[in-house]
Amino acid sequence: MSTNTSTAKNFFSGLTRRLEIRMLGLAVAIAICLSILSPYFLTANNIFNLLDQSVVIGIVAVGMTLVILTGGIDLSVGSVAGMTGIVLGLALQQFPIPVAILFAVLTGAGVGLVSGILTAYFGLAAFVVTLGVMAIARSLAYIFSGQTAISNIPEAMSNIVYTDVFGIPSNVLFLVLLYAVAWAYLTYTKGGRTIYAVGSNKEAARAAGLNVLFYSILPYVLSGALAAVAVTFSIAQLLSADPLGGNQMELDAIAAVVIGGASLFGGRGSIIGTLIGVFIMVMIRNGLNLLGVSPFWQGSAIGSIIIIALLVERLVNWRSGR
Amino acid sequence: MNVSNLTIQPQSAASNVVLEARDVAKSFGKTRALVDARLELRTGEVHGLLGANGAGKSTLSRIITCHVKRDAGEITYRGAPLETNSTRDALRLGIALVAQETTLAPDMSVLENIFLPELGRPGRLSFNALRRRASEILGRLGHEHALPLDMEVRRLSAAQRQLVEIAKALALDANLVIFDEPTASLSPSEVERLFDIMARLRDDGRALIFVSHRLEEVFAITDRVTIMREGRTVANAVPTTSLTQSDIVRHMVGQELNTVYSHAPAAVAGVVAPVVLEVKNLSAPPAVRDISFSVHRGEILGLGGLVGAGRSEAAEAIFGLRPRKGGVIKIEGREINPTKPADAVKAGIGLVAEDRRVQSIVPDLTVRENLLLAHIGAHRGFGLGYAQREKKLAALIKSLDLPADRLDANLLTFSGGMQQKVVMARWLLLEPKVLILDEPTKGVDIGTRASIYGILREIAALGVAVAVISSDFEELLGLCERIVVISDGTSIADLPTTMLDEEKLTLLAAPRTSTARNTEFLRKLTADFGGTAFWALLEENGVICLSQTSATTDIDTGLRPGEARELEATRIPSALRQRAPSFVTEAGYATLLLPMRSRRGSDLGWIGLTLPADGSLPSPDIIAARIAALNAID
């Protein structure tokens, strides 16, 4: 009987119908290409390198996913990371490490709260609000730091990154746990499903009695807090807090979320897709470095790949009539 | 009628026909909006285009203005076939639409809006020339100084915007202007002013189509009327003077009544069930002015009225979707004050909104999640808590006949009827005390319609108080035990279905621009003279009371506001029959009945004053003078 082949076919078309699977395919294809082009790409050393490079952008992309799922956007994450990094650097001069980190994360959350209230409660456009916050946060980063990097970070900070747990670096482990928690939250909790419903049809969500206001603000708060967490890992590696830190990070994060299949209109997207998007971004950067491509050309390469990925995606959707 | 037609237009009746439409048909998907529409329009006339909700008036208007392309039929305009399908071409031919919801650009000035179509033409604009032309047009409308040309349109009143729309039509030198419900947002004096303008345009030799539900106004301004029903023209270009209000309503409703719903629901016998939802003097301006009604346990109440009467807005105000300005909402006797839907849900109210796609469906969630959406809102925990509803959900899926194997599909791939059932199930899952449904069978196929009616009866039988908003009077009469009629944001009648038919319902639902003013007038009348004053429409053997106020309780005319009665069933039959300009005494009452006419001489019904026969009676002339003063322009 042909049922076997047809179920296999159904299974396969069911798989390809899922955007994450297609993007995973893209990620694998890129990995294969790069490993052919560069023998160094698929070494254990480089894979750890890739994971390590994914941590900072990956953390920021989780917050960005939440914001984009509600139909918003957070352009301020890079600047908030820069500002909270300076806050962390200054706090470390006076407080023990955990207190200093908590202080930085709360600062990031507070900035997010302001953006969230301005967009969700006052109804201002998220693009404009976070653009304003982006400028303010960057300027405060320079003012707080006195225009210079803070380099006397306690050595103990690096334990956050370089402690191995069962052979896995702690920063990579954190990333994995964060994605697991975010995935579970978005899939299995009231709040997660409300975030999807708000992004998909805000009016219907409100009419069904959901708490639209709270769950429209929450993603911005988490996005701000996660920007601070991300910069904490970055400072722990560099042992220096730079007011220019996190520059243009918002672009990488938005690109990762969009490559991962999220709709900028909200309601559509997934945390797994975002993770794949992050890997695609990091692999391309890493591969171009390995291949010795001039850093000036890297922007063009990454930009083209993002646009081509989305274009292909749109063409596939047109063909399947969605 | 044809004979009188000929006598009015003895010669060349055909030569001044500006537009003729024959056998026009149009379908939207499966819905046949127009089947066999006809219209004949002459220069120098105001032509009323009438019909119930969904009769096809707007579709026909939009076909004439080329907003919509017809499927079949011929339209000749000034002797040549009208074959364009762009609105710009129609404008160039001199066909313009003054829409109810204005199509103005709110951030642009009055001047720019008047000449907006000019911006689509090539070449340079001379603002000085435009300014001169604008003043000239407004002057022709008699409003040269009333409208500052540089003011932004968003700062204008509804009436002023209407004026800009008209000026825009005139700027194009339109020969044929369609006014689509132009008076909906105007006050009585503004309506009079609009009619002056329309009369002036008519006398200029233009042809005007006046689309309206308002029978008073139809009589006030139109020369001939065309009446539509279910996409067909049922009365073609009949002179208005040869018709009465009831004639028009009969045409609009049709003769073949009560065939689909042969069974009127049995009135609840014996004990009256307790009131679950009580709404008193609800107001949420501008759409909701003063709405009161109550729904009993196990009852299906109908909220009838025309589209735009404020019913949906009232439901939204009750549900916390719209800010309220006044009024009391009680659930089982306890006052609630919902400021957001979550409050209303907590109090036990569910709302199945009118626009499923916009207000109910979350497209990116599965059918199952859409079903459980209200549950998520009501759920207190951190997780989803789907398990606690599992049994109830399974039972609902079974009883509503939902496809259990397609729960993970996209809800948008379901038929309209199935979508509606899912949205209903969303609320039923929470076991509400009150379920309000706004146009529950809109976009639902006939087969599913019957099953939705069945479901509503079952829900009511389980003790839920059900309120159904519908513009389909047939549906209301077949489904409900009681109907509250809402017109112009005010609840004007509360009647058991057994006392109603489609005709009476249509007559009651027709908005009357003069209602508020006349009710106030009755109040003053009884304050000055005592007794009971009423405003009513009289037919040969019946009377429909539109409004009544009493200074004392001991005078009972037998009339009730919002109710229709046989003359003999009232306490003042002789007075109502004689309609004499003096007091008629019978059974201890003296009743004066005087006709009320608008400034343009159209019939606004009758004003009655009933006093004890043994007291002193005021002079009829004084009251007649007061009525006349009321209708003189303010």
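Visitor: What radius of gyration does chain A have, and what would a compact globule have?
Guide: Chain A has 20 Å. A compact globule with 322 residues would have a radius of gyration near 20 Å, so the value for chain A agrees. Keep in mind that this is a predicted model.

Visitor: And what does the C-alpha trace of chain A span along its principal axes?
Guide: The trace spans about 75 × 55 × 40 Å.

Visitor: How many helices and strands in chain A?
Guide: Chain A has 14 helices and 2 strands.

Visitor: OK, on to where the chains touch. How many residues does each chain put into the contact?
Guide: Chain B gives 30 residues and chain A gives 23 residues.

Visitor: How much area do they bury between them?
Guide: Chain B and chain A bury about 1,900 Å², and 57% of that is on carbon and sulfur atoms. The accessible area lost when parts come together is often used to give the size of an interface.

Visitor: How many salt bridges cross that interface?
Guide: The rule finds 2 salt bridges between chain B and chain A. One of the pairs is A:Arg193 with B:Glu369, whose side chains meet at 2.5 Å, N to O. Side chains of opposite charge can pair when their charged atoms come close.

Visitor: What about polar contacts between the two chains, how many residue pairs?
Guide: There are 10 residue pairs in polar contact, both residues being at pLDDT 80 or more.

Visitor: Which helices of chain B supply at least two residues to the side that touches chain A?
Guide: Helix 11 (341-346), helix 12 (356-360), helix 14 (373-378) and helix 16 (416-428) of chain B each do. The residues on that side of chain B divide into 16 nonpolar, 8 polar and 6 charged.

Visitor: Back to salt bridges. How many in the whole structure?
Guide: The search finds 33 over all chains. Among them is B:Lys433 with B:Glu332, at 3.7 Å, N to O.

Visitor: Why would that pair tie together parts far along the sequence?
Guide: B:Lys433 sits in the loop between helix 16 and strand 17 (434-438) of chain B, and B:Glu332 in the loop between strand 14 (326-331) and strand 15 (334-336) of chain B, so the pair links parts 101 residues apart in sequence.

Visitor: Now strands. In which sense do strand 11 and strand 12 of chain B pair?
Guide: Strand 11 (residues 275-284) and strand 12 (residues 288-296) of chain B pair in the antiparallel sense, over 6 bridges. A hairpin through 3 residues joins strand 11 of chain B to strand 12 of chain B.

Visitor: What stands opposite B:Leu277?
Guide: B:Val295, in strand 12 of chain B.

Terms used
Residues are numbered from 1 along each chain as its sequence is written. Chains are lettered from A and ligands numbered from 1 in the order in which they are written. This is a predicted model: local features need pLDDT of at least 70, side-chain atom pairs count only at pLDDT 80 or more; totals for chains, interfaces and linings use all residues. Side-chain values use heavy atoms; hydrogens and water are left out. Contact means heavy atoms within 4.5 Å. Buried area is the accessible area (1.4 Å probe) that two parts lose on being put together, summed over both. A salt bridge is a side-chain nitrogen of Lys or Arg within 4 Å of a carboxyl oxygen of Asp or Glu. A polar contact is a pair of N or O atoms within 3.5 Å; within protein, one must be able to donate a hydrogen and the other to accept it, and residues adjacent in sequence count only if both atoms are side-chain atoms. Helices (H or I, at least four residues) and strands (E, at least two) are DSSP runs, numbered from the N terminus. Ala, Val, Leu, Ile, Met, Phe, Trp, Tyr, Cys and Pro count as nonpolar, Asp, Glu, Lys and Arg as charged, and the others, Gly among them, as polar. Two strands pair if DSSP finds at least two bridges between them. The radius of gyration is taken over C-alpha atoms; the globule rule is 2.2 Å times the number of residues to the power 0.38.
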